[in-house]
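Q: I am new to this structure and would like a close look at a single part. Could you walk me through one strand and what surrounds it?

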Amino acid sequence: FRHALLWGEDAESLAIFGHGVIDCRRTRVGGPKPISLRRCKRVSLRGITIRNAPAYNVSLLGCDYVEIDGLSIFNGHQDGITPDCCRYLRVANCFIESVNDAFVLKASGALGERRHTEHVTVSNCVLRTASIHLKCGTESCGDFRNITFTGCTLIGGMGMRHGNPGVALYTVDGGALETVSVSNITMQDVGVPIALRRGIRDRCGHGAAGVFRNLSLSNIVAS
């Protein structure tokens, strides 16, 4: 996790902002992440642009009270923004372009404990990818609770990795997806508009499949 250009652990009240560009000038796959934060609180990422990253662009693990606003990601090789086991997260007004998943919430066991991803809002973003645009899972040791995706535009046409879904809600490690709202979404040229998956990979030893509770999908247009 520390193999990154900008890295922080157990930090509080930090901001990365401005109109500058982090250009990784990727010449091969793999390498440092542009931004990597672990167990940080009160984080603000605003206005910056990331280009040509060879790995995950913005990787957040166990972070609370995070605001990401006006971030632009171009030609990312791996996931665009990846909050894992994070709480109280607001993402707005971002443009994310990646070969792998554009925005993906995870609830893995990477912290050595079962921790939930909850109280997340993603709004007014434009996502373009060959893979999955808006995603919960598949890392799902913990639960996903009180998640809102709204007012976003999803653009495919870059390829067909993992079927190129617009919205994917997956639980395969025993965690629950509950009180999840997806609304006012417009999609163009995606492979599959909506993908729901409940399985028993059980990476975390829960011994049972996770469940869906209070799931709402409304005002979704795909062409």
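A: Here is a walk around strand β4 and its partners, with a short stop at the nonpolar core. This is a predicted model, where local features need pLDDT of at least 70, side-chain atom pairs count only at pLDDT 80 or more, and totals for chains, interfaces and linings use all residues. Residues are numbered from 1 along each chain as its sequence is written, and side-chain values use heavy atoms, with hydrogens and water left out.

Let's start with β4, which covers residues 33-38; strands here are DSSP runs (E, at least two residues), numbered from the N terminus. Five of its six residues are buried, so the rest of the structure largely encloses this strand. Buried means under 20% relative accessible area, with a 1.4 Å probe and protein chains only.

Now for the partners of β4; two strands pair if DSSP finds at least two bridges between them. With strand β1 (residues 4-9), β4 pairs in the parallel sense over five bridges. Within that pairing, A4 has K33 of β4 as its bridge partner. Strand β7 (residues 58-61) also runs parallel to β4, and four bridges join the two. There, S36 stands opposite S59 of β7.

Next comes I68. Among the residues it touches, leaving out those up to four places away in sequence, are L45, L60 and I81; contact means heavy atoms within 4.5 Å. I68 is also one of the four residues that touch the most other members of the largest nonpolar core, which has 47 residues. Such a core is a set of buried Ala, Val, Leu, Ile, Met, Phe, Trp, Tyr and Cys residues joined through side-chain atoms within 4.5 Å.

Conventions: Buried means under 20% relative accessible area, exposed over 50%, partly exposed in between (1.4 Å probe, protein chains only).
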